[in-house]
Amino acid sequence: MSPELWLPAADVAEPELSIVIPALNERIAIAEFVEWSKAGMVSAGIVGEILIVDSSTDETPEIALAHGARVLRTPKRGLGRAYIDAIPYIRGKYVLMGDADCTYDFRELAGFIGKFRQGYEFVMGSRFRGYIEPCSMPALHRYFGTPLTTWILNVLYSTDFSDIHCGMRGITRDALVRIELESQSWEYASEMVLKAVCLDLPSTEVPVRFLKDPAGRLSHMKRNGWREPWRAGWINLRAMLLFGADFFLLRPGLALLSLGLLLTVPVCLGPLALGPVTLSLHWMLLGLTLSVVGLECFYLGCIVQVMYQYSAARAQRWLRLFAYDRAMLAAGLACLAGFALGLPLVHEYLSGGLRLPVVPGRPMYLAVLGLLFVIAAFHTFGCTLVLHAANLRTRLRIAPHLPTPSGAGALARGPTPWSGLVQLCEIRGCRGTVTHRAATVRERS
């Protein structure tokens with residue numbers, strides 16, 4: 001089943017705001033939600049559209065359409081996937097997201113619109129800085145899950161969010177295309193916040209009202225059983241780790257590398273006494289281990305930042321640091337220096353009847369330092385190759401021209417080579433641009 005767009009009788013021609021809402025069997029609340037959204041737009045003084053991304057098996061889409069909302073019928077594929085499917089059909093400059101169950105008060109949109117017009121590209125709602133109706137949020141979410149995951153993200157990224165799981169949030173359409181949502185389920189919430197931070201989007205928060213479910217409605221969390229909140233929390237945490245991989249690699253890697261070098265370099269000429277502690281060969285081997293692990297983590301962090309391309313400035317910083325010719329020359333020299341430092345130990349080994357001395361002397365200490373040089377050389381060589389290959393692949397993926405269909409008939413006939421390109425194309429910003437053309441042709445046809 002491909003997405004199918006239903007248009008209301010009184011459709012808005014040029015909306016400035018798009019309220020994009022996934023819905024699954026929300027016949028109890030959908031009519032009131034659409035009316036709340038209309039009232040909110042009137043109160044905020046903005047012209048907008050309401051786009052319901054629907055996968056229901058009940059009358060939800062018909063009710064929403066009758067009340068003036070656009071309805072995008074999609075297969076049931078997850079909450080995050082609903083937003084991904086909706087991107088080509090969003091016409092407004094600003095996008096406001098939320099739930100269709102009337103738990104977020106969409107009659108109060110002015111705060112979001114005001115922040116958008118001040119230049120913010122990502123506007124998070126905050127239930128904790130607004131109002132939470134008694135019994136509207138489970139205690140597990142309110143006092144444990146949401147505060148804990150919010151705290152983790154704030155620590156990792158030096159941010160100041162108060163409610164990263166608030167479903168009511170706003171983003172410009174341009175930014176929504178640029179962050180390239182990938183998450184299919186609940187974790188889209190964390191992915192969106194993480195990428196907004198990584199892309200340095202101007203971000204802020206506004207207080208929102210969070211209300212109880214309407215009478216007779218059972219939340220999706222409860223519908224899916226007691227394990228669903230734990231599953232949602234876990235996949236959100238997983239998203240933080242995956243999309244924030246550089247955090248767990250760059251800084252820890254530099255810390256380990258620094259500590260390792262402090263234990264390795266000062267001891268390269270022999271044991272070193274520091275008060276009651278004597279740094280010997282064993283400490284040096286520990287330093288070697290820490291240095292290797294730290295260097296590997298640091299290089300992987302650099303590669304992640306270039307591959308993710310969240311920030312062009314960060315990517316270019318690493319590409320300049322690891323300029324191909326200079327990095328390869330440095331790696332070669334380090335490798336030669338490492339072998340040179342190991343030669344005295346090799347000579348001692350051969351002259352001693354293929355045995356190393358029982359008491360380590362200076363050649364053994366220098367050989368450990370040389371081993372570090374050799375390992376660093378090979379890591380630098382590999383990191384430089386991967387960095388420049390990743391950057392080259394990213395640039396090659398940005399096609400200068402994309403073929404367009406000759407007319408509505410091409411889409412009406414079904415899949416074409418062009419539509420296959422749209423599905424497979426993963427370049428930044430291209431997915432939203434090309435598929436938006438497809439959506440426009442469908443509407444005109």
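Eight strands, in the order β1-β4-β3-β2-β5-β7-β6-β8, make an open sheet with mixed pairing. The model is predicted; local features need pLDDT of at least 70, side-chain atom pairs count only at pLDDT 80 or more, and totals for chains, interfaces and linings use all residues. Residues are numbered from 1 along each chain as its sequence is written, and side-chain values use heavy atoms, with hydrogens and water left out.

Strands (E, at least two residues) and helices (H or I, at least four) are DSSP runs numbered from the N terminus. Two strands pair if DSSP finds at least two bridges between them. The edges of the sheet are β1 and β8, each pairing on one side only. From one strand to the next, the twist averages 25 degrees. Axes are lines fitted to C-alpha atoms, for helices over the stretch in contact, and angles run from 0 to 180 degrees between N-to-C directions.

Strands β3 and β4 run parallel and are joined by 4 bridges. Here Val53 stands opposite Leu72 of β4.

Helix α4 packs on this sheet and touches β2, β5, β6, β7 and β8. Contact means heavy atoms within 4.5 Å. The direction of α4 makes about 170 degrees with that of β8.

| Element | Residues |
|---|---|
| α4 | 110-117 |
| β2 | 17-23 |
| β5 | 94-97 |
| β7 | 169-172 |

Phe112, Ile113 and Phe116 of α4 are buried (under 20% relative accessible area; exposed is over 50%, partly exposed in between; 1.4 Å probe, protein chains only). Seen down the axis of α4, its buried residues fall within an arc of 95 degrees, so they line one face of the helix. That arc is taken over the directions from the helix axis to the C-beta atoms. The cover over these buried residues includes α1 (30-44), along with β2, β5, β6, β7 and β8. Just after α4, Gly119 takes a positive phi of about 110 degrees.

Strand β6 (residues 122-132) holds Arg127. Is Arg127 buried or exposed? Arg127 is buried, at a relative accessible area of 7%. Beyond four places in sequence, its contacts include Tyr104, Asp163, His165 and Phe210.

The largest nonpolar core has 78 residues. Such a core is a set of buried Ala, Val, Leu, Ile, Met, Phe, Trp, Tyr and Cys residues joined through side-chain atoms within 4.5 Å. Ile19, Ile52 and Leu176 touch the most other members. Helix α7 (residues 188-198) gives the largest share, 8 residues. Leaving aside neighbours within four places in sequence, Ile52 is in contact with residues including Ile21, Phe33, Arg70 and Leu72.
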